[in-house]
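Work through the exercises below with the structure open beside you. Try each task on your own before you read its solution.

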Amino acid sequence: MTLPTRDDLIDLVYHEAQLIDEGRFDEWLELWGADSYYWMPLDYQQDNPKNMTSLMYEDAFLRKLRVERLKGLRTFSQKPKSRCSHVLNRPSIEAFDPKAGQFITRTAVHYVETRLDDQFLLAATVHHHFEMVEDELKIKLKRVDLLNCDAAFGNIQLFI
């Protein structure tokens, strides 16, 4: 079994953001493990996605459904398509334990999303939890903590 390096974790964080920015969502879906979640808490320092309301808590089915909606010909809210740009600080390694299979990164992110004349900026701290699946790093959990999580939001169409 080939074990990941710290640079492998960092490279995967950058690669994931690039796939989203370029609208390559099918490739983005392939980065995820089978039992994985995309989580955006509603409350500051929220510790539980299941017993508290979240802005998003998406499993593989919901992520795929959202990607299909973004690609849909009859998705009029996406004509023209939304676009985004991630500006990432260099990810730091919060956990690197190959024996336990625990790999966690933390990244400060500025995210810009635009469609037509509307553009908005969000600041977030993103934690990626990775797992090894058949000698390949996969995302097990992506937690996106918005700096202003308790503000009123419009529609976040894409993935931070």
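Helices (H or I, at least four residues) and strands (E, at least two) are DSSP runs, numbered from the N terminus. The model is predicted, so local features need pLDDT of at least 70 and side-chain atom pairs count only at pLDDT 80 or more, while totals for chains, interfaces and linings use all residues. Residues are numbered from 1 along each chain as its sequence is written, and side-chain values use heavy atoms, with hydrogens and water left out.

**Exercise 1. Positive phi values**

Task: Find where L116 and D135 lie, and state how exposed each of them is.

Solution. Begin with the general expectation: most residues other than glycine have a negative phi, and most peptide bonds are trans. L116 is not a glycine, yet its phi is positive, about 55°. Its place is in the loop between β5 (102-115) and β6 (118-133). For the exposure we need the cut-offs: buried means under 20% relative accessible area, exposed over 50%, and partly exposed in between (1.4 Å probe, protein chains only). L116 has a relative accessible area of 57%, and therefore it is exposed. Turn next to D135, also a residue other than glycine, whose phi is positive and near 65°. D135 lies in the loop between β6 and β7 (136-146), and because its relative accessibility is 45%, D135 counts as partly exposed.

**Exercise 2. The two sides of helix α3**

Task: Compare the span of α3 with the expected one, and then decide which of its residues are buried.

Solution. The expected span of a helix is 1.5 Å times one less than its number of residues. With 12 residues, α3 reaches 17 Å from its first C-alpha to its last, which is close to the 16 Å expected at 1.5 Å a residue. The buried residues of α3 are R63, R66, V67 and L70. Seen down the axis of α3, these buried residues fall within an arc of 100° (the arc of the directions from the helix axis to the C-beta atoms), so they line one face of the helix.

The next step is to ask what this face meets, where contact means heavy atoms within 4.5 Å. The buried residues of α3 pack against α2 (25-29), β1 (32-41) and β2 (54-58). V67 serves as an example, since it has a relative accessible area of 0% and is therefore buried. Leaving aside its neighbours within four places in sequence, V67 is in contact with F25, D26, W28, L29 and F159.

Finally, look at F61, which is found in helix α3 (residues 60-71) and counts as exposed because its relative accessibility is 58%. Together with L62 and L65, F61 makes a nonpolar surface patch of about 300 Å². Patches are made of residues with over 30% relative accessible area and no salt bridge, with like charges joined within 9 Å and nonpolar side chains (Val, Leu, Ile, Met, Phe, Trp, Tyr) within 5 Å. The accessible areas come from the Shrake-Rupley method with a 1.4 Å probe, and for residues only the protein chains shown count as cover.

**Exercise 3. Salt bridges**

Task: Which parts of the chain does the pair D7 and R90 link, and are R143 and D145 buried or exposed?

Solution. A salt bridge is a side-chain nitrogen of Lys or Arg within 4 Å of a carboxyl oxygen of Asp or Glu, and by this rule the count comes to 11 salt bridges. In one of them the side chains of D7 and R90 meet at 3.9 Å, N to O. This pair links distant parts of the chain, 83 residues apart, with D7 in helix α1 (residues 6-21) and R90 in the loop between β3 (83-88) and β4 (92-97). D7 counts as partly exposed because its relative accessibility is 47%, whereas R90, at 57%, counts as exposed.

Another salt bridge joins the side chains of K138 and E136 at 3.8 Å, N to O. Here K138 is buried, with a relative accessible area of 13%, while E136 is partly exposed, with 43%. The side chains of R143 and D145 meet in a salt bridge at 2.7 Å, N to O, and both R143 and D145 are buried. Salt bridges that share partners also join E22, R24 and E27 into one network.
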